[in-house]
Amino acid sequence: LPDVKGRLDHLSVDVPGQRLFLCALGNNTLEVIDLAKGTRVHSISGLGAPQGVAYVAAANRLWVANDKNGVCNFYDGKSFALGGSVKFEDDADNVRYDGLAQRIYVGFGDGGLGILDARSGKKIGAIKLSGHPEAFVLENKEPRIFVNVPTAQHVAVIDRDKREVIARWKTDGALANFPIAVDELNHRLFVGCRQPAEIVVLNTDSGAVVAKVKIG
């Protein structure tokens, strides 16, 4: 990536269009990469430390969350024209799309998950958390969201129909929980922790720790 400086953050992919969207946080840009050619084809500049990105293929719309000023912008996925912006209190971070409800979720601030209408781009609500949310994942068959809240040292379980936290699961002493993934079929939640470096596996029926695997 010529002329891109500083650290990189989250990514999203357009599978049919074979494009990768990359948050160049330290460069204040969003980089668009043609995966077939292996080259950058566009750059959105003038951002404020972009951290989170989500591409919604159904609407051909790109959502980009910025640390500075807590702004989440959305763009046309073809022309990259700015469609609008939504302001959160600060530190807009990870972005996820709920295709069934057509909603965008954005982690932000000292403890919130913002809810946006993916069609209109308007903010329609927020869910209070105990600290800044890092990575989070949505279930497809159940209305739950699992959110890493490292400053509170737990995984928050949200009912997105009720828009409230229904449980807080501990990770058996492992701290700095940032990445997360869910296996709905086998009722397993995989939580990546940094202190110590290990994956903590939770049972999604009970929240109990069922395994711990050391990682780099």
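Q: What joins E18 to E19?
A: In this predicted model, a hairpin links E18 to E19, and the connection runs through one residue.

Q: And where does Pro-196 lie?
A: Pro-196 lies in the loop between strand E18, which covers 188-195, and strand E19, which covers 197-203.

Q: OK, what kind of peptide bond joins Gln-195 and Pro-196, cis or trans?
A: The peptide bond between Gln-195 and Pro-196 is cis, with an omega of about -5 degrees.

Q: How many bridges join E18 to E19?
A: Seven bridges join E18 to E19, and the two strands run antiparallel. To pick out one position, Leu-189 has Leu-202 in E19 as its bridge partner.

Q: Which strand does E19 pair with through five bridges?
A: That is strand E20, residues 209-214, which runs antiparallel to E19 and is joined to it by five bridges. Within this pairing, Val-201 has Ala-211 in E20 as its bridge partner.

Q: What about the hairpin of E19 and E20, how many residues are between the strands?
A: The hairpin of E19 and E20 has five residues between the strands, and Gly-207 in that hairpin takes a positive phi near 85 degrees.

Q: Why is E19 described as largely enclosed?
A: Five of the seven residues of E19 are buried, so E19 is largely enclosed by the rest of the structure.

Q: Back to positive phi for a moment: which residue other than glycine has a phi near 50 degrees?
A: That is Asp-91, whose phi near 50 degrees is positive although the residue is not a glycine. Asp-91 is placed in the loop between strand E8, residues 82-87, and strand E9, residues 95-98.

Q: Is Asp-91 buried or exposed?
A: Asp-91 is buried, because its relative accessible area is 19% and the cut-off for buried is under 20%.

Q: And what is the phi of Gln-153?
A: Gln-153 also is not a glycine, and its phi is positive at about 60 degrees. Gln-153 is found in the loop between strand E14, residues 144-149, and strand E15, residues 154-159. With a relative accessibility of 41%, Gln-153 counts as partly exposed.

Q: Changing topic to sheets, what is the order of the open sheet that has E5 in it?
A: The order in that open sheet of four strands is E5-E6-E7-E8, and the pairing is antiparallel. Strand E5, residues 50-56, and E8 stand at the edges with a single partner strand each, so one side of each has no neighbour in the sheet. From one strand to the next, the twist averages 15 degrees.

Q: How many bridges join E6 to E7?
A: Five bridges join strand E6, residues 61-66, to strand E7, residues 71-76, and these strands run antiparallel. One position to look at is Val-64, whose bridge partner in E7 is Asn-73.

Q: What about the open sheet with E10 in it, what is its order?
A: That open sheet of four strands has the order E9-E10-E11-E12, again with antiparallel pairing. Its edge strands are E9 and strand E12, residues 123-128, each of which pairs on one side only. Ignoring direction, neighbouring strands of this sheet are turned by 25 degrees against each other on average.

Q: How many bridges do E9 and E10 pair over?
A: E9 and E10 pair over four bridges in the antiparallel sense, and the bridge partner of Asp-98 in E10 is Arg-103.

Q: Which residues have the most contacts inside the largest nonpolar core?
A: The largest nonpolar core has 15 residues, and those with the most contacts inside it are Trp-63, Phe-88, Val-95, Ile-104, Val-106 and Leu-116. At least two residues of this core come from each of E5, E6, E7 and strand E10, which covers 103-108. E10 gives the most to this core, with three residues.

Q: Which residues is Val-95 in contact with, leaving aside its neighbours within four places in sequence?
A: Among them are Gly-52, Val-53, Trp-63, Ile-104, Tyr-105 and Phe-136.

Q: Last topic: which residue lies over the face of Phe-136?
A: Arg-96 lies over the face of Phe-136, at 5.2 Å from the ring centre. The charged end of Arg-194 sits over the ring of Phe-178, 3.9 Å from its centre.

Conventions
Residues numbered from 1 in each chain as written. Predicted model: local features only at pLDDT ≥ 70, side-chain atom pairs only at ≥ 80, totals over all residues. Heavy atoms only, no water. Buried < 20%, exposed > 50% of the residue type's maximum accessible area, 1.4 Å probe, protein only. Pairing = 2+ DSSP bridges. Axes fitted to C-alpha atoms, helices over the stretch in contact; angles between N-to-C directions. Lys NZ or Arg CZ within 6 Å of the ring centre and 35° of its normal. Core = buried A, V, L, I, M, F, W, Y, C linked by side-chain atoms within 4.5 Å. Contact = heavy atoms within 4.5 Å.
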